Amino acid sequence: MADAVRGSIVINEVLPDPNSAAGSSGPRHDTDHSGTVTPVDEFIEIYNSGPNPVDIGGLQLWDQTLGNWFTFPSGTILAPGAHAMVMTGAAGGPGPALGPGDMAFYAGRGSAVLNNGPE
């Protein structure tokens, strides 16, 4: 298992290139369900792998070039077994399909953060 933050928080999934097959029949992913796949549909998802709720408020997502591009709001509690998905863009649709206890956040950026290569 990957190194955990705050005891049990791990990066669970990363989608760096939602347009990976733009113009072809390959996979594309409209994360916010806006009806259009754009570069800001990229996301990072964290997961609480432990048995207890964890306060993720103040945790930050960083990029080598941009620095801190998202900070979880103060008092954000992630339940055991729950996910928190952070999408690069602003809310452009009804949002992703989530499970019980899962949360979605929008960084509100107008351009992609992940460069579709090694970060």
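Colleague: Which residue in strand 7 does Glu 45 stand opposite?

Modeller: This is a predicted model in which residues are numbered from 1 along each chain as its sequence is written, local features need pLDDT of at least 70, side-chain atom pairs count only at pLDDT 80 or more, and totals for chains, interfaces and linings use all residues. Side-chain values use heavy atoms, with hydrogens and water left out. Strands are DSSP runs of E with at least two residues, helices are runs of H or I with at least four, and both are numbered from the N terminus. Opposite Glu 45, in strand 7, stands Met 85.

Colleague: How many bridges join strand 2 to strand 7?

Modeller: Two strands pair if DSSP finds at least two bridges between them. Strand 2 covers residues 43–48 and runs antiparallel to strand 7, which covers residues 83–87. One of the matched positions sets Ile 44 opposite Val 86. The bridges between strand 2 and strand 7 come to five.

Colleague: In which sense do strand 1 and strand 2 pair?

Modeller: Ile 44 in strand 2 also has Val 14 standing opposite. Strand 1 spans residues 9–15, and its six bridges to strand 2 place the two in a sense that is antiparallel.

Colleague: In strand 8, which residue is the bridge partner of Val 86?

Modeller: Strand 7 and strand 8 run parallel and are joined by four bridges. Within strand 8, Val 86 has as its bridge partner Phe 105.

Colleague: How many of the residues of strand 7 are buried?

Modeller: A residue is buried under 20% relative accessible area, exposed over 50% and partly exposed in between, with a 1.4 Å probe and protein chains only. Strand 2 is mostly covered, with five of its six residues buried. Strand 7 is mostly covered as well, and of its five residues the buried ones number four.

Colleague: How many aromatic pairs does the count come to, and what angle lies between the planes of Phe 70 and Phe 105?

Modeller: Rings of Phe, Tyr and Trp (its six-membered ring) pair if their centres lie within 6.5 Å, and planes under 30 degrees apart count as stacked, over 60 as edge-to-face and the rest as tilted. By this rule there are three aromatic pairs. Phe 70 and Phe 105 form a tilted one, with 5.8 Å centre to centre and a plane angle of 55°.

Colleague: How many residues apart are Phe 70 and Phe 105, and are both buried or exposed?

Modeller: The pair links distant parts of the chain, with Phe 70 in strand 5 (residues 67–71) and Phe 105 in strand 8 (residues 103–106), 35 residues apart. As for their surroundings, both Phe 70 and Phe 105 are buried.

Colleague: What is the centre to centre distance between Phe 72 and Phe 105?

Modeller: Phe 72 and Phe 105 form an edge-to-face pair with 90° between the planes. This pair also links distant parts of the chain, since Phe 72 lies in the loop between strand 5 and strand 6 (77–78) and Phe 105 in strand 8, 33 residues apart. Ring pairs link Phe 70, Phe 72 and Phe 105 into a cluster. Centre to centre, Phe 72 and Phe 105 are separated by 5.3 Å.

Colleague: What does Arg 109 count as, buried, partly exposed or exposed?

Modeller: Arg 109 lies in the segment after strand 8. Contact means heavy atoms within 4.5 Å, and, not counting residues up to four places away in sequence, Arg 109 touches Val 40, Leu 66, Trp 69, Thr 88, Gly 89 and Ala 90. Because its relative accessibility is 28%, Arg 109 counts as partly exposed.
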